[in-house]
Amino acid sequence: MRLTEKMNEMKKAELVFIPSPGMGHLVSSVELAKFLIEREEQLSITVLIMKLPFDTNIISYRNSLSASLSSRIRFLELIKEEPSSQLTFSHSFLFQFIDSHKSCVKEVLAEISNSVSSDLSGIVIDMFCTSFIDVANEFGVPCYIFYT
């Protein structure tokens, strides 16, 4: 078997990016994802989007990128089952909102872990998403913190 054939049979390494809600954090994370994809042919990246109820720019930004980005970067909008009205608007709202997405993140990571084409290699979290370190530990993958 030739080396190129063997490489085609190998699973692609998959990183999952979890930026904080908000345009600035998403844009910075996507720029890092693009940088990594350009340098590693066997890498795929999934960017998980936690959309705040009042944020209308995120989806239009994602849609504007879809045509220009590599097919090795995909976006998944996390939709949680419980309504965000149960969250209290306080100084800790952002952290409550992020934590409320843990089960969605676990589902995505489980799907990638069970994939025949990808190998979950780690998660890259935003500086405000440190509660997902425990999720990475559950899946036995490294967790990298990205300071936007």
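**Group meeting: a serine, a helix and a central strand**

I would like to start with S131, which is found in the loop between β4 and α6, where the helices (DSSP runs of H or I, at least four residues) and the strands (E, at least two) are numbered from the N terminus. Please keep in mind that this is a predicted model, in which local features need pLDDT of at least 70 and side-chain atom pairs count only at pLDDT 80 or more, while totals for chains, interfaces and linings use all residues. Residues are numbered from 1 along each chain as its sequence is written, and side-chain values use heavy atoms, with hydrogens and water left out.

Is S131 buried or exposed? With a relative accessible area of 18%, S131 is buried, the cut-offs being under 20% for buried, over 50% for exposed and partly exposed in between, with a 1.4 Å probe and protein chains only. Its side chain is joined to that of D99 by a polar contact of 2.6 Å, a term that stands for a pair of N or O atoms within 3.5 Å, where within protein one must be able to donate a hydrogen and the other to accept it, and where residues adjacent in sequence count only if both atoms are side-chain atoms. Setting aside residues up to four places away in sequence, S131 touches I98, D99 and K102, contact meaning heavy atoms within 4.5 Å.

K102 brings me to helix α5, residues 102-113. At 1.5 Å a residue, its 12 residues should span 16 Å, and the end C-alpha atoms are indeed 16 Å apart, the expected span being 1.5 Å times one less than the number of residues. The buried residues of α5 are C104, V105, V108, L109 and I112. Seen down the helix axis, these buried residues fall within an arc of 130 degrees, so they line one face of α5; the arc is taken from the directions from the axis to the C-beta atoms. E107 and E111, on the other side of α5, are exposed. And what do the buried residues of α5 pack against? They pack against the strands β1 (12-18), β2 (43-49), β3 (73-77) and β4 (118-126), and also against α6 (133-139).

Of those strands, let me take β2 next. Seven of its seven residues are buried, so β2 is largely enclosed by the rest of the structure. Both faces are covered, with L43, I45, V47 and I49 buried on one side and S44, T46 and L48 on the other. β2 runs parallel to β1, to which five bridges join it, and E14 stands opposite S44; strands pair if DSSP finds at least two bridges between them. Between these two strands the chain crosses through helix α2 (residues 23-39), in a β-α-β crossover that is right-handed, that is, clockwise from the first strand over the helix to the second, with the strands pointing away from the viewer. Five bridges also join β2 to β3, again in parallel, and the bridge partner of L48 in β3 is L76.

In strand β4 we meet D119, which is partly exposed, with a relative accessible area of 42%. Apart from neighbours within four places in sequence, D119 is in contact with K11, K12, A13 and E14.

To place this in the whole, the chain has six helices and five strands, and 42% of its 148 residues count as buried. Among contacts with a separation of 6 or more, 70% are between residues 24 or more positions apart.
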